[in-house]
Amino acid sequence: MVEIGEKAPDFELLDTELKPRKLSEFLGKRFVVILTFPAAFSPVCTKELCTFRDRMALLNKANAEVIAVSVDTPFTLKAFKEANRLNFTLLSDFNKEMITKYGIVHENLLGLKGVAKRAVLILDPKGTVVHKWVSDNPGVEPPYEEVIRIVDELNKKYSP
């Protein structure tokens with residue numbers, strides 16, 4: 001599993017427009033908040049991503065960009081993004097490469113093999129993991145206010 005203080009492994013995944021996107025293209029000027037979630041359109045995942053959507057102004061103010069990743073297809077993620085008016089990038093890890101590299105895989109979740117664990121990783125502009133929250137329980141939501149507070153504090157003390 002990727003740990004605090006380590007450089008986050010780069011990855012390339014398709015976005016909702018079928019465009020390949022690398023983690024490295026998001027790095028450099030902003031903090032990157034990576035959300036991984038088990039399944040689009042499930043109740044807890046919908047609530048989580050909509051909660052981050054509703055707090056994007058605070059995250060943008062704290063100089064952060066959000067990327068959400070699941071093993072759903074790009075087509076499913078596009079429908080999910082549109083249905084919920086999500087205002088950040090969604091990426092498809094359909095082949096389970098990123099979640100495997102990062103060690104955030106549910107081997108068996110309700111009979112579904114190899115879905116993403118619910119996790120929040122905060123990377124500094126250089127790509128170093130500065131905060132990590134991972135849940136083995138897919139019903140547990142991330143600590144939203146804590147994520148915003150941490151990004152805000154890091155932004156205030158970070159000097160590129």
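Contact here means heavy atoms within 4.5 Å. Keep that in mind as you explore these close-ups of a predicted model.

**View 1. Phe 52 and the residues around it.** Leaving aside residues up to four places away in sequence, Phe 52 touches Leu 35, Leu 59, Phe 88, Val 120, Pro 142, Tyr 144 and Val 147.

**View 2. The largest nonpolar core has 29 residues.** Phe 52 appears again here, among the residues with the most contacts inside this core, together with Val 33, Phe 37, Leu 59, Phe 88, Val 120 and Ile 122. Several elements each supply at least two residues: strands E3 (31-36), E4 (64-70) and E8 (118-123), and helices H1 (43-54), H2 (56-61), H3 (74-84) and H5 (144-157). Which helix gives the largest share of this core? That is H5, with 6 residues.

**View 3. A second, separate core has 24 residues.** Look for Val 32, Ile 67, Leu 91 and Leu 109, which this core includes.

**View 4. Phe 11 and Tyr 102 form an edge-to-face pair.** The two ring centres are 6.0 Å apart and the planes meet at 70°. Planes over 60 degrees apart count as edge-to-face, so that is the name for this pair. Phe 11 sits in the segment before strand E1 (12-15), while Tyr 102 belongs to helix H4 (residues 97-102). The pair thereby links distant parts of the chain, 91 residues apart. Both Phe 11 and Tyr 102 are buried.

**View 5. An aromatic cluster of Phe residues.** Find Phe 37, Phe 41 and Phe 80, which form one cluster. Phe 37 may look familiar from the largest nonpolar core. How many aromatic pairs are counted? The count comes to 4.

How values were computed
Residues numbered from 1 in each chain as written. Predicted model: local features only at pLDDT ≥ 70, side-chain atom pairs only at ≥ 80, totals over all residues. Heavy atoms only, no water. Core = buried A, V, L, I, M, F, W, Y, C linked by side-chain atoms within 4.5 Å. Buried < 20%, exposed > 50% of the residue type's maximum accessible area, 1.4 Å probe, protein only. Helix = DSSP H or I, 4+ residues; strand = E, 2+ residues; numbered from the N terminus. Phe/Tyr/Trp six-rings, centres within 6.5 Å; stacked < 30°, edge-to-face > 60°.
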